[in-house]
Amino acid sequence: MTVDRPTASVVVPTRDRPDRLARCLLALDAQRERPLEVVVVDDGSRDEGAVVDAIGDRPRVRLVRSTGAGPAAARNLGAAHACGDVVCFTDDDCRPGPDWVAAMVDRVAAGATAVAGPTRNGRPGDPYASASQLITNHLAETSRRRGTPFAPTSNVAVRRAVAEHLRFDETFPLAAGEDREWCERLAAAGHHLEWAPDAWVEHHQDLSAAGFWRQQLRYGRGAAHLRRTVDAPPQRPAFYAGLLRRALADGPKVVALVVLAQVATAVGIARERRTGA
């Protein structure tokens with residue numbers, strides 16, 4: 001049987017979250033764009049069989065094993081195995097809309113080299129997920145207004161040639177900061193990150209109080225590492241004022257968590273400066 005060469009490849013790093021991976025793959029099954037391949041990169045899951053079970057018998061999904069080197073390395077490995085002319089990146093706890101890949105492919109066909117779309121909070125009733133997504137989205141939207149676009153790798157796509165030559169920095173071992181650093185180099189290389197509002201994904205974060213604190217600590221560590229690698233000055237007071245104004249619309253719990261996140265981020269920055277100096 002002849003299998004058509006895929007128009008696009010979707011790279012999905014995963015680790016120890018087979019249930020969420022299975023739901024992500026269901027959303028990718030529903031993509032309008034065809035032909036399409038999915039490259040799942042298992043970044044050292046404890047239960048390899050659970051990842052295999054989550055993939056099932058999908059003919060367009062390929063599994064690549066990594067060694068637990070982190071999401072930056074996993075994305076590089078997935079991109080190296082991609083066959084499509086457009087390489088899309090998302091996360092295992094995301095569920096892309098049915099036109100996500102098609103919207104990305106259309107933008108690239110129209111001349112874009114890099115495209116990003118909105119990441120929506122998939123759990124709007126959860127204050128932890130709401131606060132976390134609000135912070136990330138505010139950072140992304142503020143950066144676009146300043147002319148220095150940043151997009152999290154939950155929702156970004158590039159031409160395969162760009163993915164091959166502009167790899168993620170594997171010195172970022174955590175899921176924090178590596179996407180911002182990559183976007184900085186993307187812009188420095190002359191690639192405009194085009195915004196595609198119709199290319200949306202839902203982010204289904206399952207966070208407890210402890211998990212939210214650890215996440216924001218990790219973001220602080222990533223921010224400190226980012227400042228060692230590129231000229232990334234701290235955010236201005238107006239950034240935090242705007243963030244709090246947006247949080248007010250989601251209620252006092254989200255406001256309190258946004259404030260707590262800034263404390264956790266500051267602690268993470270301090271820890272990374274001590275250990276990474």
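1. A good place to start is the packing of α5 against α9: L134, I135, N137, H138, L139, E141 and T142 of α5 are in contact with F239, G242, L243, R246 and A247 of α9. Sorted by class, this contact between α5 and α9 holds 6 nonpolar, 4 polar and 2 charged residues. Please keep in mind while reading that the model is predicted.

2. Now the geometry of that pair. Helix α5 covers residues 127–145 and helix α9 covers residues 237–248; their axes come within 10 Å and cross at roughly 130 degrees. Because of that angle, α5 counts as oblique to α9. The crossing of α5 and α9 is right-handed.

3. A second helix pair is worth a look beside it. Helix α1 (residues 18–29) and helix α2 (residues 48–55) have axes that come within 9 Å and cross at roughly 20 degrees. With that angle under 35 degrees, α1 is therefore roughly parallel to α2. The crossing of α1 and α2 is right-handed.

4. Who makes the contact between α1 and α2? From α1 come P18, L21, A22 and L25, and from α2 come A50, V51, A54 and I55. By class, the contact of α1 with α2 has 8 nonpolar residues, with no polar and no charged ones. As a general reminder, an α-helix has 3.6 residues a turn, so residues three or four places apart point the same way.

5. Next, helix α3, which runs over residues 71–81. This helix is mostly covered, with 8 of its 11 residues buried. The buried residues of α3 are P71, A72, A73, A74, R75, N76, G78 and A79. If you would like to see what lies over them, the cover includes the strands β1 (8–14), β2 (36–42) and β4 (86–89), together with the helices α6 (160–165) and α7 (178–188).

6. On the cysteines: how many disulfides does a search of the whole structure find? The count is 0. C24 is in no disulfide, and the nearest cysteine sulfur, that of C94, is 6.9 Å away. Since a disulfide here needs two cysteine sulfur atoms within 2.5 Å, that explains the result for C24. C183 is likewise in no disulfide, its nearest cysteine sulfur being that of C88, 15 Å away. Are these two cysteines buried or exposed? C24 is buried, with a relative accessible area of 0%, and C183 counts as buried at 3% relative accessibility.

7. P98 deserves a short visit. This proline sits in the loop between β5 (94–96) and α4 (100–109). Its relative accessibility is 43%, so P98 counts as partly exposed. The C-alpha atoms of P98 and A30 are separated by 5.6 Å, although the two residues are 68 residues apart along the chain. Setting aside neighbours within four places in sequence, P98 is in contact with A30, Q31, R32 and W200.

8. Last, a residue to compare with P98 on your screen: T265, which is found in helix α10 (residues 252–276). At 17% relative accessibility, T265 falls under the 20% cut-off and so counts as buried. Again leaving out neighbours within four places in sequence, T265 is in contact with Q216 and G220.

Definitions and conventions:
Residues are numbered from 1 along each chain as its sequence is written. This is a predicted model: local features need pLDDT of at least 70, side-chain atom pairs count only at pLDDT 80 or more; totals for chains, interfaces and linings use all residues. Side-chain values use heavy atoms; hydrogens and water are left out. Buried means under 20% relative accessible area, exposed over 50%, partly exposed in between (1.4 Å probe, protein chains only). Axes are lines fitted to C-alpha atoms, for helices over the stretch in contact, and angles run from 0 to 180 degrees between N-to-C directions. Helices (H or I, at least four residues) and strands (E, at least two) are DSSP runs, numbered from the N terminus. Angles under 35 degrees count as roughly parallel, over 145 as roughly antiparallel, 65 to 115 as roughly perpendicular and the rest as oblique. A crossing is left-handed if the near helix is turned anticlockwise from the far one by less than a right angle, and right-handed if clockwise. Contact means heavy atoms within 4.5 Å. Ala, Val, Leu, Ile, Met, Phe, Trp, Tyr, Cys and Pro count as nonpolar, Asp, Glu, Lys and Arg as charged, and the others, Gly among them, as polar.
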